[in-house]
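Q: How do I read the features of a structure such as this one?
A: Look at it first; then we take the features in turn.

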Amino acid sequence: AHRHRSLRATVDSSYELLTEPERMLFERLGVFSSGVTAGEVEAVCSGDPIAEDQVLDLLDQLVDRSLITARERGATTRHGMLETLRAYARARLAERGGLEPLRNRHADHYAAVADGLRVETLVDGRRAASLNFSQVDEHLAAIRWCLDHDARPERALRLLAPLWVIVHSHAAAEVTSLAERALERSDSGEPLAIAARGVAAMGHFVLGRPERARARAREAIAAESNAMPALIGRRALAFVQFTDADAEDTDRR
């Protein structure tokens, strides 16, 4: 408890030294779950009293004060936060009444990103996955927020649609669970719900549940057999059938 109070006092003193725009950006950065680019910060966190063209300078100032980190990965710089500082920033933002509006803005931004990825992942899933792997934690956080706070599942379904490309390597259990939660509240005939059935099917396949994968995939195909939303289900079913055939060949040897 003493250590916690000392840490809080240290962060308080650093926070008090910030200018108002620095404080606001620091607080707003708490909405993210992982390291993000300056472009993502501009999209989600700019707005009175922070102009978009101020964001880079403010980020540099927060790095200089050791309140955030800046890590280069290739040509990209990602800004992150220690989890204790993230919790502090969110608490400060909540005190101002700004957490819920910013959570919604965060979800809207990544839903728009997902809209662009939805077609791209079907055309070239491997490239799309490699380019956007860093955003997965933000998508997952936004989906959780939407499922807990939205009256309807549309935003969550938009966010889920491209995530079938990453379940083989990242967060298969969570993606599948979130897809199933969203589907509980969805009209089965909606294109986004059809895509979510494909996402769930792919997740169940990766998790070693072929029967559940087959069932969800067939639901997607039956709902819209030849259109793009059903393609994820078709791919999942192909994986299941290929694995089944491979297992039969092994049994015969």
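**Reading the features**

Q: How far is the sulfur of Cys146 from the closest cysteine sulfur?
A: The closest cysteine sulfur is in Cys45, 17 Å from the sulfur of Cys146, and this is too far for a bond. A disulfide is a pair of cysteine sulfur atoms within 2.5 Å. By this rule, 0 disulfides are counted.

Q: What should I know about the model itself?
A: This is a predicted model, in which local features need pLDDT of at least 70 and side-chain atom pairs count only at pLDDT 80 or more, while totals for chains, interfaces and linings use all residues. Residues are numbered from 1 along each chain as its sequence is written, and side-chain values use heavy atoms, with hydrogens and water left out.

Q: Is Cys146 buried or exposed?
A: Buried means under 20% relative accessible area, exposed means over 50%, and partly exposed is in between (1.4 Å probe, protein chains only). Cys146 has 1% relative accessibility and so counts as buried. Cys45 is buried too, with a relative accessible area of 0%. Over the chain, buried residues make up 47% of the 253 residues.

Q: How many helices and strands are in the chain?
A: Helices (H or I, at least four residues) and strands (E, at least two) are DSSP runs, numbered from the N terminus. The chain has 13 helices and 2 strands. Its C-alpha trace spans about 70 × 40 × 40 Å along the principal axes.

Q: Which residues of H2 are buried?
A: Helix H2 covers residues 20-29, and 8 of its 10 residues are buried. They are Glu22, Arg23, Met24, Leu25, Phe26, Glu27, Arg28 and Leu29.

Q: Which residues touch the most other members of the largest nonpolar core?
A: A nonpolar core is a set of buried Ala, Val, Leu, Ile, Met, Phe, Trp, Tyr and Cys residues joined through side-chain atoms within 4.5 Å. The largest one holds 69 residues, and Leu25, Phe26, Leu29, Phe32 and Val41 touch the most other members. Helix H11 (residues 191-206) gives the most to this core, with 8 residues.

Q: What does Val41 touch?
A: Contact means heavy atoms within 4.5 Å. Not counting residues up to four places away in sequence, Val41 touches Leu25, Leu29, Phe32, Val36, Ser46, Val55 and Leu59. Glu40, found in helix H3 (residues 38-45), is buried at a relative accessible area of 5%. With neighbours within four places in sequence left aside, Glu40 is in contact with Phe32, Arg78, His109, Tyr110 and Gln135. For the chain, among contacts between residues at least 6 apart in sequence, 66% join residues at least 24 apart.

Q: How many salt bridges are there?
A: A salt bridge is a side-chain nitrogen of Lys or Arg within 4 Å of a carboxyl oxygen of Asp or Glu. By this rule there are 23 salt bridges. One of them joins Asp148 and Arg181, whose closest N and O atoms are 3.0 Å apart. Asp148 lies in helix H8 (residues 136-149) and Arg181 in helix H10 (residues 172-184), so the pair ties together parts that are 33 residues apart in sequence. Asp148 is exposed at 52%, and Arg181 is partly exposed at 32%.

Q: Where do Glu219 and Arg216 lie?
A: Both are in helix H12 (residues 210-223), 3 residues apart, or about one turn of the helix. Their side chains meet in a salt bridge with an N to O distance of 2.7 Å. Glu219 is partly exposed at 32% relative accessibility, whereas Arg216 counts as buried at 17%. Salt bridges can also link into a network, as with Arg8, Asp12, Glu16, Arg23, Arg92 and Glu95.

Q: Which residues form a nonpolar patch on the surface?
A: Patches are made of residues with over 30% relative accessible area and no salt bridge, where like charges are joined within 9 Å and nonpolar side chains (Val, Leu, Ile, Met, Phe, Trp, Tyr) within 5 Å. Accessible areas come from the Shrake-Rupley method with a 1.4 Å probe, and for residues only the protein chains shown count as cover. Val119, Val123, Met228 and Leu231 form such a nonpolar patch, with about 340 Å² of accessible area together. Val123 lies in helix H6 (residues 99-123) and counts as exposed at 68% relative accessibility. The chain exposes about 12,500 Å², of which carbon and sulfur atoms supply 51%.
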